[in-house]
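Thank you all for coming; I would like to take a few minutes to walk through one structure. Please have the view open while I talk, and stop me whenever a residue is hard to find.

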Amino acid sequence: MIENNIEKEFKKLEKDIAADSSIFLLEKRKKSFDFLKNKKIPHQKDEEYKYTPLSKYIENIFEYTKKNIYPSQKDEYIFPFVDYKKMYVSICNGFFEYSKGFENSGVICMDLESAYKEYTDDFISYFEKNTEKHRDFFADMNTIFFQGGVFLKIPKGLHLKEPIFFHFKTIHKDENMTQTFFRNFIIMEENTTCDIVEIHNSSEHSQHYNNIREEIICKKNSKTTLLKIQMSSNETLQIDNTSIIQEKNSIFTAYTMSFTGKIIRNNMNISLGEENTESNMYGIYYLKGKTLVDNHTTVDHKKPNCVSNELYKGVLNEHSQAVFNGKILVQEGAQKTNAYQKNKNILLSPEAVIHTKPQLEIFANDVKCSHGCTIGQLDEEQLFYLLSRGIDKKNATALLIAAFVNDIISLIPIQLKDTRDFLQEKILQDISIYK
């Protein structure tokens, strides 16, 4: 059982962890271990994991590793939208490999554990600040066993014109499942601007279990864009826990683009902790084969005069499955809240499945909130119109799908134009899934 393996591996490696970690981080690890030691891995009888059968895949595989036995080659994966001479961080099998392009940027980017010695106050003030509210088995598992991590800090008053790229690579060369644990801790200081692009991919025809946890602190008057592109192998299990805390007048926007993987679970929790904050969450899951993508989101409105927008769109073909569970919480006293949530899905195959559950919990009386979901097939009239204009069915279908997702892709800011163009081309060129 995985819970027994967790206890065995933690006790076996506790001395090594203590030798490598600060007391502060070690205590965080122990606290998560205490929370998990009497817990069982989430299974399909748990409401939060009802449609996502992670337990049957990772029940007995867990074994912690302290060393990356398959280091990557620096240029093994090349993406046309990445400028590898500028701000770029390479993460391989859960380990911080290298970073470059930060020398004259003013940005602080370093290994997570090393950063604690230099930026202790930031860790004490913000590290795992939002944990108790949104406790998750796999998030605590990450805290116990993360091997490496990135500390990224954008100093006060710095407005970056170029994006920062994080590349998560998983390399595997034998029959056993590769397991990785990685942690990001990002602080946006007051009056800052930053765009972050994360690329997740892995070697083909091999099994991976990737557990990623990310905490982002958006201080006053900061503006942050986070774009996740998930393109791992068809045998990848990926769990991504992202937590965002927003202070007054901050704006946070997330784009989650999911294409391939065996099972992808995205937990995104946003806390609007002060007045006049804005959060935007956009997602596209564009699936085929037997891929399952599960997006669980929570937006917690704690103070008055805040805005949140959420739009997720799915295109599912063949035997693919998706889950959308979005929750908006408006707490007592959070008056003048504007909160919007919508989930739209197109099923291209009778075997494709979507489970969608938008939720509102409102404890204030002067708010504007709405939510909804749609599930359907392509519009036959629109398809007929394109066919009548001489466009073959395959290309007509692709054009309709591109139009369906484009209202999200078109929102990606102009400074990420190359990334936006890549996503548009990927969708347009993948016409073969409609044969």
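Buried residues account for 59% of the 435 residues in the protein chain, and I should say at once that what we are looking at is a predicted model. The chain exposes about 18500 Å², of which carbon and sulfur atoms supply 47%. In terms of secondary structure, there are 9 helices and 19 strands. If we take the contacts between residues at least 6 apart in sequence, 84% of them join residues at least 24 apart.

Let me turn to the open sheet, which has 9 strands in the order S3-S4-S6-S8-S10-S12-S14-S16-S18, with mixed pairing. Strand S3, residues 108-111, and strand S18, residues 353-362, stand at its edges, and because each has a single partner strand, one side of each is left without a neighbour in the sheet. From one strand to the next, the twist averages 10°. Helix H6, residues 137-145, packs on this sheet and touches strands S6, S8 and S10, with its direction at about 90° to that of S8. Coming back to the edge at S3, the partner there is strand S4, residues 148-154, which runs antiparallel to S3 and is joined to it by 4 bridges; in this pair, Asp-111 stands opposite Val-150.

Just before S3, in the loop that follows strand S2, you will find Gly-106. With a relative accessible area of 42%, Gly-106 is partly exposed. Beyond its neighbours up to four places away in sequence, Gly-106 touches Pro-155 and Leu-158, and the C-alpha atoms of Gly-106 and Leu-158 are 7.6 Å apart although the two residues are separated by 52 places in sequence.

Which residues touch the most other members of the largest nonpolar core? In that core of 42 residues, they are Leu-152, Ile-164 and Tyr-285, while the strand that gives the most to the core is S12, residues 263-272, with 4 residues. Leaving out the neighbours within four places in sequence, Leu-152 has contacts that include Phe-102, Val-107, Ile-164, Phe-185 and Ile-196. As a general remark, nonpolar side chains in soluble globular proteins tend to be buried together.

Tyr-285 brings us to strand S13, where it is the bridge partner of Ser-258. Strand S13, residues 278-287, is mostly covered, with 9 of its 10 residues buried. The pairing of S13 with strand S11, residues 251-260, is parallel and extends over 8 bridges, and S13 also runs parallel to strand S15, residues 307-316, to which 10 bridges join it. Within that second pairing, Leu-287 stands opposite Leu-316.

Two further places deserve a look. The loop between strands S5 and S6 holds His-172, which counts as buried because its relative accessibility is 10%, below the 20% cut-off. The C-alpha atoms of His-172 and Ser-203 are separated by 6.4 Å, with their positions 31 residues apart along the chain.

The other place is helix H2, residues 23-36, where a rise of 1.5 Å a residue over 14 residues should give a span of 20 Å, and the end C-alpha atoms are indeed 20 Å apart, so the two values agree. Among the buried residues of H2 are Phe-24, Leu-25, Lys-28, Arg-29 and Phe-33.

Note on methods. Residues numbered from 1 in each chain as written. Predicted model: local features only at pLDDT ≥ 70, side-chain atom pairs only at ≥ 80, totals over all residues. Heavy atoms only, no water. Core = buried A, V, L, I, M, F, W, Y, C linked by side-chain atoms within 4.5 Å. Buried < 20%, exposed > 50% of the residue type's maximum accessible area, 1.4 Å probe, protein only. Helix = DSSP H or I, 4+ residues; strand = E, 2+ residues; numbered from the N terminus. Contact = heavy atoms within 4.5 Å. Pairing = 2+ DSSP bridges. Axes fitted to C-alpha atoms, helices over the stretch in contact; angles between N-to-C directions. Areas by Shrake-Rupley, 256 points an atom, 1.4 Å probe, with all protein chains shown as cover. Expected span 1.5 Å × (residues − 1).
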